[in-house]
Amino acid sequence: MTLRYGCVNRHRAGRSEGTLMLDLPDIPREGFVTAQEYVYARLRHAVMIGAVQPETTLTIRGLADCMGISPTPIREALRRLGSERAIEMLGNRRISIPEMTPERFAEIVSLRRALEGHAARRALPYVSDRLIEELAGIDGRMDAHVRSGDMEALTTSNHAFHRLLYTANPHQRVLPAIESVWLQLGPFQRQLIREVGRFYLVDRHKEILDALRARCAATLVEAIENDIRDGIERAGEAALSGPRGAAISG
């Protein structure tokens with residue numbers, strides 16, 4: 001469920017300041033020992049699914065008011081997100097979602113291909129038929145989200161699909177690095193998500209599932225790379241190559 005707060009924050013577009021209403025998705029409170037952990041998880045989720053747009057500038061006080069909590073856990077959560085390169089800490093207790101540039105995008109996407117190809121290859125020996133069924137179930141839900149136009153649920157399910165596959169490897173250590181990449185891509189990817197259909201003409205998740213059933217590592221890595229290419233890389237390159245925002249808003 002998404003709680004919609006009437007929190008007004010400053011949005012910087014490089015020329016002038018306007019205002020936006022921050023729509024901060026909620027997550028279940030159960031399972032978090034401290035308020036600090038809950039705040040970090042909730043803000044991290046919001047950035048990862050693109051609930052906050054690139055170049056949005058927020059304040060610690062504004063976020064604290066939005067979440068109904070003191071600034072202290074907000075400050076610590078933001079420090080952690082900064083270390084993951086998800087946000088930029090500015091002066092006067094302000095925080096910004098970094099602008100996406102062609103150079104930054106190319107570097108992040110290249111890193112994502114390398115990390116996720118590695119993670120998939122290493123996970124393959126541990127993938128069971130039952131796990132493949134679970135992945136197919138998530139993929140089916142993603143198809144339903146596409147039909148209903150629920151982009152937030154689509155993004156969350158896509159992360160769940162990849163996370164479940166990579167964590168099949170009980171010895172994996174790469175997921176934190178992968179999630180750091182997802183964090184850096186999340187706000188920009190949310191802007192592109194309705195454009196992806198122009199490029200995502202083949203269901204790459206079906207190819208991933210087929211490669212898992214065949215137990216073929218080379219085909220699996222190729223399917224992962226194609227999923228990243230069609231799922232964000234081509235749309236992102238198109239958006240960043242023309243006039244700013246033309247490919248997103250046009």
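Which helix lies across E3 and E5? To find out, select residues 60-67: this is helix H2, and it runs at about 70° to E3. Keep in mind as you click around that this is a predicted model.

**Stop one: the sheet**

Stay with the strands for a moment. Select 57-59 for strand E3 and 88-89 for strand E4, then add residues 94-96 for strand E5. Together these three strands form an open sheet in the order E3-E5-E4, with antiparallel pairing. E3 and E4 stand at the edges with a single partner strand each, so one side of each is left without a neighbour in the sheet.

Now look at how E3 and E5 are joined: there are three bridges between these antiparallel strands. Show Leu-58 and you'll find Ile-95 of E5 standing opposite.

**Stop two: H4 against H9**

Next, select residues 102-123, which is helix H4, and residues 217-241, which is helix H9. Their axes are 9 Å apart and the packing angle is about 165°. H4 and H9 are therefore roughly antiparallel to each other. Turn the view to look through one helix at the other: H4 passes H9 in a right-handed crossing.

Want to see who meets whom? On the H4 side, show residues including Phe-105, Val-109, Arg-112 and Ala-120. On the H9 side, those in the contact include Leu-220, Ile-224, Ile-228 and Leu-240. Colour the residues of this contact by type and you get eleven nonpolar, two polar and seven charged.

**Stop three: H4 against H7**

Keep H4 on screen and add helix H7, residues 175-192. Here the axes are 10 Å apart, and the helices pack at an angle of about 140°. That angle makes H4 oblique to H7. This time H4 passes its partner H7 in a left-handed crossing.

From H4, the contact includes Ile-108, Leu-111 and Leu-115. From H7, pick out Val-181, Trp-182 and Phe-188, which are among the residues that take part. The residues of the H4 and H7 contact divide into twelve nonpolar, two polar and three charged.

While you have H4 up, click on Phe-105: this residue is listed in the contact with H9 and also in the contact with H7. Val-109, Arg-112 and Glu-116 are also found in the H9 contact and in the H7 contact.

**Stop four: H5 against H8**

Hide those helices and select residues 129-148 for helix H5, then residues 204-214 for helix H8. They pack at about 170°, with axes 10 Å apart. That makes H5 roughly antiparallel to H8. H5 brings Ile-132, Leu-135 and Met-142, among others, to the contact, while H8 brings residues including His-205, Leu-209 and Leu-212. By type, the contact residues are six nonpolar, one polar and four charged.

**Last stop: a salt bridge**

How many salt bridges does the structure hold? The count is 18. To see one of them, show Asp-26 and Arg-42, whose closest N and O atoms are 3.8 Å apart. Asp-26 lies in the loop between strand E2 (17-22) and helix H1 (35-48), and Arg-42 lies in helix H1, so the pair ties together parts that are 16 residues apart in sequence.

Technical notes
Residues numbered from 1 in each chain as written. Predicted model: local features only at pLDDT ≥ 70, side-chain atom pairs only at ≥ 80, totals over all residues. Heavy atoms only, no water. Pairing = 2+ DSSP bridges. Helix = DSSP H or I, 4+ residues; strand = E, 2+ residues; numbered from the N terminus. Contact = heavy atoms within 4.5 Å. Axes fitted to C-alpha atoms, helices over the stretch in contact; angles between N-to-C directions. Parallel < 35°, antiparallel > 145°, perpendicular 65-115°, else oblique. Left-handed = near helix turned anticlockwise from the far one by under 90°. Nonpolar A, V, L, I, M, F, W, Y, C, P; charged D, E, K, R; others polar. Salt bridge = Lys/Arg side-chain N within 4 Å of Asp/Glu carboxyl O.
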